[in-house]
Amino acid sequence: MVAEVLAVIAALLAVASLSLTVVITRRIGSRDPVAVPLMWRRILRIQPLPSAAGSFMTPRDGNEKIAFIANPTKSGIEELREQALRACSIRYLPQPLWFYTTADDPGTGQAEAAIEAGADVVVAVGGDGTVRAVAQALAGRGIPMGIVPMGTGNLFARNLDLPLGDTQSILRTVLEGAERKADVGWMDIRRAYPGHGEDGRHLFLVIAGAGFDAEMVAGADDRLKRRLGWFAYFFAAIRHLGEKRMKAWVSVDGGEEIVGHMRTVLMANIGKLPGGISLIPDATMDDGRLDVATLDARGGLVGWTELFGQVMAQGAGIKDTRLLRILRTSRIDHVRGTEFDIRMDQPQKVQVDGESLGRASRIHAFVQPAALTLRVPQGTVPQRTDEPKTADCASDDADASPSI
Ligand SMILES: [Mg+2]
C-alpha cells in the first residue's frame, strides 16, 4: 500500500515538473525564439511575441556606408548576407562592406578594417562573442554600431529589446533605428600561474564574473548549448554546487578592501539574463556606473535553494528579500561604483558576457561611460534621469557587516 502511495506521489511530482518545464520553455521561446532549439519550438508550438520594432521607422538621410562583421560559423549567414544586400539596395544605400570573422580574430580586426575603409555604421552579425569583439574596436570612436543577433545567449541584444528571430525588423533597426549611448565595462585580469594564459584587458557589455557563474559558463559548451538551449547552463551549474566558497578582497573606487566569503562576484553593466530573469535589477547601461553583486550560499542544497529564491524574487521586482532568508544560509550584497579591484585567495574561473577566460587571481574592472552609440528599435530609447552620481552600496542583511 505504502509503495503504491509513493508511486502515485512520484508520478504526480514528475507530471508537475514536466508541466513547469514546458511552461518555462514556452515563456522563454515566445520572448526569445533563438534561445530554444528549433525542434523544441516545433514540438511545443512556440510562437514569438509580436515584434517591438514592427512600427514605422524614419529612413535616415544621406549615403551611409554600412559594414557587416559576420561570424561565418553561424547557420543562415549567407541568406542573411543576401537579405542585407537587398535591404541596403531598396534604401538606395551604397553596397555594404562585408567582413568575416576568424578563429584568431573574432571581430576586432575586421571592425578596425571597416573603419579604415570609411564605414559609417558597423554591424556585428553573430553571438555575444562577435558583438564584444566589434564593440572593443568601436568603444569611444563615436561610430554607430548595429547588432544582428545569431547566437545562443544573445545577452546584449536581449537587453536592447532587439526583435530576436525577426530578421527584417533587425535589419530595419540597423539601417533606420534610433540611436542610444551605452556604457561599456572593461576587465583587466591577472593570472596566478603562466599555464593559466596571458594577462589582458577584456570588454564586457552585460555581466562579467568570477567563481561559480564562470564555472557554469565554462561547463556549458557549445554542443550542449545547441542541443539544450538555456538548460545547458542549468545542468552545468548543478555540477559545481558542491564546490568550496571563495575568499575575496574587494575594493570599490580606490577605497579600503573588504574581505568576505562568497560563491561568485558579478560585475554588471546591465543585468537581464535569458528568460527575462534580472540578476542585478538596478543595473542600467547609461548611468556611468557598474553594479557589483556578491552572492553567497552555505549549508549545501538548503543555502542554494534560499539563494535561488532570492535571485528569482529580485528578478520579479522584490527589492527587500530579507524575509526569504529564513535560515540565513544565503546572502546577496550590492555595491555600485566606477572601478573595482578584486583579489581572490585561489585562482578562480572568470567570464565576460558568457565567454570563459580561464582562471585569474586578480581582477580590475572599470566602466567607460557612454562609449558606444547603438542602433536600437525606435521607441525603446529610455528617457534620461539625472540620478545623483554617488557610490552606494546595499546589503540584504542590515544587521550584519557586509560580506564585501
Ligand atoms: Mg551601469
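T152 sits in the loop that connects strand 4 (145-149) to helix 6 (155-159), and in this predicted model the residue counts as buried, because 23 other C-beta atoms lie within 10 Å, where 20 or more are required. Although T152 and V36 are 116 residues apart in sequence, their C-alpha atoms are 8.3 Å apart in space. The chain as a whole has 404 residues, of which 43% count as buried, and it contains 11 helices and 15 strands. Among contacts between residues at least 6 apart in sequence, 71% join residues at least 24 apart.

**Strand 4 and its surroundings**

- Strand 4, which leads into the loop of T152, has five of its five residues buried, so the strand is largely enclosed by the rest of the structure.
- In a regular strand the side chains alternate between the two faces of the sheet.
- Both faces of strand 4 are covered, since M145, I147 and P149 are buried on one side, while G146 and V148 are buried on the other.
- Strand 3 (residues 121-126) runs parallel to strand 4 and is joined to it by five bridges; in one of the pairings, V125 has V148 of strand 4 as its bridge partner.
- Together with helix 5 (residues 128-138), strand 3 and strand 4 form a β-α-β unit that is right-handed.

**Helix 3: one buried face**

- Helix 3 (residues 77-90) comprises 14 residues and spans 20 Å from its first C-alpha to its last, which is close to the 20 Å expected at 1.5 Å a residue.
- Within helix 3, the residues A84, A87 and C88 are buried, and, viewed down the helix axis, the buried residues fall within an arc of 95°, so they line one face of the helix.
- An α-helix has 3.6 residues a turn, so residues three or four places apart point the same way.
- The buried residues of helix 3 pack against two elements, namely strand 1 (66-70) and helix 7 (167-176).
- On the face of helix 3 turned away from its buried side lie the exposed residues E78, E79, E82, R86, S89 and I90.
- After helix 3 comes Y92, a residue whose phi is positive, near 60°.

**Positive phi at two aspartates in loops**

- D161 is not a glycine, yet its phi is positive, at about 60°; the residue is found in the loop between helix 6 and helix 7.
- D161 counts as partly exposed because it has 16 C-beta neighbours inside 10 Å, a count that lies between the limit of 12 or fewer for exposed residues and that of 20 or more for buried ones.
- D253 likewise has a positive phi without being a glycine, in this case of about 50°, and its place is in the loop between strand 8 (246-252) and strand 9 (258-262).
- With 14 C-beta neighbours inside 10 Å, D253 is also classed as partly exposed.

**G309 in helix 11**

- G309 belongs to helix 11 (residues 301-315) and is partly exposed, with 15 other C-beta atoms within 10 Å.
- Along the chain G309 and S330 are 21 residues apart, and their C-alpha atoms are separated by 9.8 Å.

Terms used:
Residues numbered from 1 in each chain as written. Predicted model: local features only at pLDDT ≥ 70, side-chain atom pairs only at ≥ 80, totals over all residues. Helix = DSSP H or I, 4+ residues; strand = E, 2+ residues; numbered from the N terminus. Contact = placed C-beta atoms within 7 Å. Pairing = 2+ DSSP bridges. Right-handed = clockwise from strand over helix to strand, strands pointing away. Expected span 1.5 Å × (residues − 1). Arc of directions from axis to C-beta.
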